[in-house]
Amino acid sequence: MGTIQIKKVEKTVTTGKQGEERQKVKKTYGKIIYRGTLSLYDMAEHIMKHGTVYTEDVVIGVITKLKSCIQEMLSDGYKVKLDGIGTLYPVLTSEGVTDAKDFSAQENVTRVGVAFLADQSKKSQYKASAMKQGTQLSTQLWSELTGEETSTSNAPSSGGSTTGGNTGGNTGGNTGGSGDNGGGGDDDTPNEN
C-alpha cells in the first residue's frame, strides 16, 4: 500500500441552489502533493526491482515499441485498451459551422489530442474505490511544513474522496472532486520533475 501526501487548500465556494439565495463560504479541500514524474527509465528500473527475469534494456525496448505502436493505432482512429490499466483514445476540438457542407477537417479542426480513461472494471486497481482502499492518505507532510496540528493520516474511510481524478488525459477534463461542490478535484497538472 502506498501513501499519497495531501496538502490543505482553502477555496471560496458558492453554496445553495441556483435561483435561491446563494452565499460564498470558505472551505478547505485536499490536494495531492506530487512526489515527481517517473520516466520510462525510472519505471524500467522499478520493474527490475520486482524480480523480473527481463533486463532493463528489454523492458525499455518493449515499452518503447508499445509507445510507437500506440501512437500508430491512435493516428489510425483506434482506441487502445491496455487491460488492467486503461484506454487511450484520440480526441479533437473543432469550430462549428452553420451549414454541414461548409465543414472542412483541415480548416475547422483546431486540435487533435489523446485522452486516457483509467480501467473501471470490477477488478481494476485504478477504479476510484480501489485506489482509495489501497492507498493511505496523509496530511502529515503538509502539517510539518505549516506547523498545523493534525492527525498523522487519513486512513481510508467512508465519505467523499479528497484525491480527485483526472480522466481527461491531455484534454484536461477533470471529473474528480470532493465535498459538496466538487472543489477538492485536482485540476492542476503535476509538475514534471
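Me: Let's start with the strands: how many bridges join β1 to β2?

Reply: Strands of a sheet pair through backbone hydrogen bonds, either parallel or antiparallel. Here, 10 bridges join strand β1 (residues 2-15) to β2, and the two run antiparallel. Two strands count as a pair if DSSP finds at least two bridges between them. One position to look at is V13, which stands opposite V25 in β2. Before we go on: this is a predicted model, where local features need pLDDT of at least 70 and side-chain atom pairs count only at pLDDT 80 or more, while totals for chains, interfaces and linings use all residues. Residues are numbered from 1 along each chain as its sequence is written, and side-chain values use heavy atoms, with hydrogens and water left out.

Me: What pattern does the chain follow along the sequence?

Reply: Helices (H or I, at least four residues) and strands (E, at least two) are DSSP runs, numbered from the N terminus. This chain has five helices and six strands, and along the sequence they follow the pattern β-β-α-α-β-β-α-β-α-β-α.

Me: Back to β1 and β2: what is the strand order in their sheet?

Reply: The order is β2-β1-β6, in an open sheet of three strands with mixed pairing. At the edges stand β2 (23-32) and β6 (135-138), each with a single partner strand, so one side of each has no neighbour in the sheet. From one strand to the next, the twist averages 35°. Angles like this run from 0 to 180 degrees between N-to-C directions, using axes that are lines fitted to C-alpha atoms, for helices over the stretch in contact.

Me: And which strands form the antiparallel sheet?

Reply: That open sheet has three strands in the order β3-β4-β5, with antiparallel pairing. Its edge strands are β3 (80-82) and β5 (109-118), and each pairs on one side only. Neighbouring strands here are turned by 25° against each other on average, direction ignored. Three bridges join β3 to the antiparallel strand β4 (residues 86-94), and T87 in β4 is the bridge partner of K81.

Me: Which strands does α2 lie across?

Reply: Helix α2 lies across β3, β4 and β5, running at about 145° to β3. Contact here means heavy atoms within 4.5 Å. For the chain as a whole, residues 24 or more positions apart account for 45% of the contacts with a separation of 6 or more. You can also pick out Q71, which is found in α2: its C-alpha atom is separated by 9.7 Å from that of L88, 17 residues apart along the chain.

Me: Is Q71 buried or exposed?

Reply: In between. Buried means under 20% relative accessible area, exposed over 50%, and partly exposed lies in between (1.4 Å probe, protein chains only). Q71 has 49%, so it is partly exposed. Across the chain, buried residues make up 20% of the 193 residues.

Me: How many salt bridges does a search of the whole structure find?

Reply: A salt bridge needs a side-chain nitrogen of Lys or Arg within 4 Å of a carboxyl oxygen of Asp or Glu, and the search finds three. One is between K26 and E10, at 3.8 Å, N to O. K26 lies in strand β2 and E10 in strand β1, so the pair ties together parts that are 16 residues apart in sequence. K26 is exposed at 63%, and E10 is exposed at 54%.

Me: Which residues make the other two?

Reply: K81, the residue we met opposite T87, has its side chain in a salt bridge with D83 (3.9 Å, N to O). K81 is exposed at 56%, and D83 is exposed at 64%. Then there is D99 with K101, at 3.9 Å, N to O. D99 is partly exposed at 33%, whereas K101 is exposed at 69%.

Me: What about the surface: which residues make the nonpolar patch?

Reply: Patches use residues with over 30% relative accessible area and no salt bridge; like charges are joined within 9 Å, nonpolar side chains (Val, Leu, Ile, Met, Phe, Trp, Tyr) within 5 Å. In this model, V53, Y54, V58 and V62 make a nonpolar patch of about 420 Å². V62 sits in helix α2 (residues 56-75) and is exposed at 54%. The accessible surface of the chain comes to about 13,700 Å², with 51% belonging to carbon and sulfur atoms. These areas come from the Shrake-Rupley method with a 1.4 Å probe; for residues, only the protein chains shown count as cover.
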